[in-house]
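Student: Could you take me through one part of this model up close? I'd like to see one helix and what surrounds it.

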Amino acid sequence: QQKPKPALVDKDGDVVSPNGMIDDEDDYAPEVGAENDALMAARPSPTGPPNPKDRPKYVDYSICYYDNTIIPNYWEYALKFTLCDNFFSALRGPSRPNHLYTMAAQSGGLVEDLKGGETCIYNFPTMVDLLGQASVTWKYYNGYNPQVENFRNPLPGFQEFIKSQNLREHLVLDSQFYTDIKNGTLPQVCWIVPNIRLSEHPPVNIQNGMWYVTGLVNAVMQSNYWKNSVIIVMWDDYGGFYDHVA
């Protein structure tokens, strides 16, 4: 048995993954959450008010917003189209259950992410069951391996997908989206999920994610699909550090 690699620590003393993440939602370092917990437990109990100079850098951005100088395309969408300012995550929790909600309008009672490397087998109905019954075409475009279940790609974990190669053919890489538009073979319903580097998940560059979304929207706008399409842009978590309504 190989010894685990030593944890990476940034200049603030926080355990980070090879992707620079400081939480356990990183496929490349699934144990970083446990390492963070151990690091926090080892710290002495505070004896007075915290010194702002001792805060890790990511705390500086925990309660803030990004304006049109940073994410101009999103601001343009909000100004010219519909901003769902009363649209919230169905479950106040992490990525896995929220991604399940996008596929099934429920999470089967799951409210947490799993420990690093663990997978699930799900046995409750999904929206694709309804689409199939109504002969509505669909695909799930994913920036990860589309055939492997993870917390941002739940469908391969459903029993019906495990048993059916025909259903698994609906799970494709997100790059296929552009090919399907070009070939005029876009299905009636599409889900599109980026990989971690384009996900806008802290601390990755949110502008990269904005341009990723912009490319997808532009591809639809410049196609024959635009005149009768609905595009919904959303994120998978509830915020975590704050809630912006009472």
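Tutor: Let's start with helix α3 and work outwards from there. A quick word on the source: this is a predicted model, where local features need pLDDT of at least 70, side-chain atom pairs count only at pLDDT 80 or more, and totals for chains, interfaces and linings use all residues. Residues are numbered from 1 along each chain as its sequence is written, and side-chain values use heavy atoms, with hydrogens and water left out.

Helix α3 covers residues 95-104; helices here are DSSP runs of H or I with at least four residues, strands are runs of E with at least two, and both are numbered from the N terminus. Eight of the 10 residues in α3 are buried, so the helix is largely enclosed by the rest of the structure. Buried means under 20% relative accessible area, exposed means over 50%, and partly exposed is in between, using a 1.4 Å probe and protein chains only. The buried set is Ser95, Arg96, Pro97, Asn98, His99, Leu100, Met103 and Ala104. Their cover includes α4, β3 and β5, with contact meaning heavy atoms within 4.5 Å. Just past the end of α3, Ala105 has a positive phi of about 60 degrees. Most residues other than glycine have a negative phi.

Now for the packing. The largest nonpolar core has 17 residues, and Trp138, Tyr140, Leu155, Phe158, Phe161 and Trp191 touch the most other members. A nonpolar core is a set of buried Ala, Val, Leu, Ile, Met, Phe, Trp, Tyr and Cys residues joined through side-chain atoms within 4.5 Å. Two or more residues come from each of α3, α4, β3 and β5, and α3 gives the most, with three. Take Phe158: leaving aside residues up to four places away in sequence, Phe158 touches Leu100, Tyr122, Phe124 and Thr126. Apart from this core lies another one, of 16 residues, including Tyr141, Val172, Met210 and Val213.

Two loops beside these elements are worth a look too. Ser135 sits between α4 (127-133) and β3 (138-142), and has a phi near 60 degrees, positive though the residue is not glycine. Ser135 counts as exposed, at 62% relative accessibility. Glu200, in the loop between β5 (189-193) and α8, also has a positive phi, near 70 degrees. Glu200 is buried, with a relative accessible area of 15%.
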